[in-house]
Amino acid sequence: MELKVWRRDPRARLPEKASEGAVGFDLFALEDQEILPGEPTFIRTGLVIEAPRPYAMFVFPRSSLFRKKGLIFPHSAGVIDFDYCGEEDELKILVLNLREEPVKVLAGERIAQLVLLAVATEVKLREVPRPPRSISRGGFGSTGGYR
Ligand SMILES: O=c1ccn([C@H]2C[C@H](O)[C@@H](COP(=O)(O)OP(=O)(O)OP(=O)(O)O)O2)c(=O)[nH]1
């Protein structure tokens, strides 16, 4: 399977698997940047990528991102649409600095990881007159697992 990657900016570093068993490709910051506290900020990758359907791309933080830099993803994860691969459609990493001081991100720094997951693409909705199941299961702790 192939991932089509276009370097929109010649400084961009291509995504890399850190080890043979890695699930995600590491994504690198395009340029030096200062992330101010409390302001959702895009980190540029300089890349435009097309996912091979039915595999879609999801951007997740590296687990060390918060510990090392105090950055989180305010939107939890990035969902990249299949058609987000035109000239202007640069993959970006949205972060929020939870520290009280600005945080520096350096060009070429590993920030996030790109994961390909198979998703259903041909899905039709059918409205039904009754709940799909006659008995409700309950949720939000209803099985009493935590006390
Ligand atoms: O972390 C992210 C999240 C999204 N995107 C790009 C790819 C995605 O296809 C597009 C739109 O994202 P989404 O649909 O999540 O955003 P929205 O808030 O619904 O905006 P839009 O109206 O542009 O769809 O932005 C990124 O580059 N990085």
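These questions and answers go through a predicted model, its ligand and two of its strands.

Trainee: Which residues does UniProt list for "domain: dUTPase-like"?
Mentor: The annotation comes from an unreviewed UniProt entry. In the model the span it covers is 5% helix and 34% strand, and its end C-alpha atoms lie 50 Å apart. The listed residues are 12-144.

Trainee: Which strand gives the largest share of the shell around the ligand?
Mentor: A residue belongs to the shell if one of its heavy atoms lies within 4 Å of the ligand. The residues around the ligand include Gly78, Val79 and Ile80. These three residues, 78-80, make up strand S8.

Trainee: How many charged residues does the shell around the ligand have?
Mentor: By class, the shell has four nonpolar and two polar residues. Asp81, Glu90 and Lys92 are among the residues around the ligand, and Asp, Glu and Lys count as charged. The number of charged residues is three.

Trainee: What share of the ligand's area does the protein bury?
Mentor: Start with the contacts: a polar side-chain atom of histidine 75 lies 2.8 Å from an oxygen atom of the ligand, and a side-chain N or O atom of aspartate 81 is 2.6 Å from a ligand oxygen. A backbone N or O atom of lysine 92 lies 2.7 Å from a ligand nitrogen. Taken alone the ligand exposes 570 Å², and the share buried by the protein is 50%.

Trainee: Which residue in S9 is the bridge partner of phenylalanine 42?
Mentor: In a regular strand, side chains alternate between the two faces of the sheet. Strand S4 has Thr41 and Ile43 on its covered face, with Phe42 and Arg44 on the uncovered one. S4 pairs with strand S9 in the antiparallel sense over four bridges. In S9, the partner of phenylalanine 42 is leucine 94.

Notes: Residues are numbered from 1 along each chain as its sequence is written. This is a predicted model: local features need pLDDT of at least 70, side-chain atom pairs count only at pLDDT 80 or more; totals for chains, interfaces and linings use all residues. Side-chain values use heavy atoms; hydrogens and water are left out. UniProt positions are given in the numbering used here, feature names are shortened, and annotations may be inferred rather than shown by experiment. Helices (H or I, at least four residues) and strands (E, at least two) are DSSP runs, numbered from the N terminus. A polar contact is a pair of N or O atoms within 3.5 Å; within protein, one must be able to donate a hydrogen and the other to accept it, and residues adjacent in sequence count only if both atoms are side-chain atoms. Accessible areas come from the Shrake-Rupley method with a 1.4 Å probe; for residues, only the protein chains shown count as cover. Buried means under 20% relative accessible area, exposed over 50%, partly exposed in between (1.4 Å probe, protein chains only). Two strands pair if DSSP finds at least two bridges between them.
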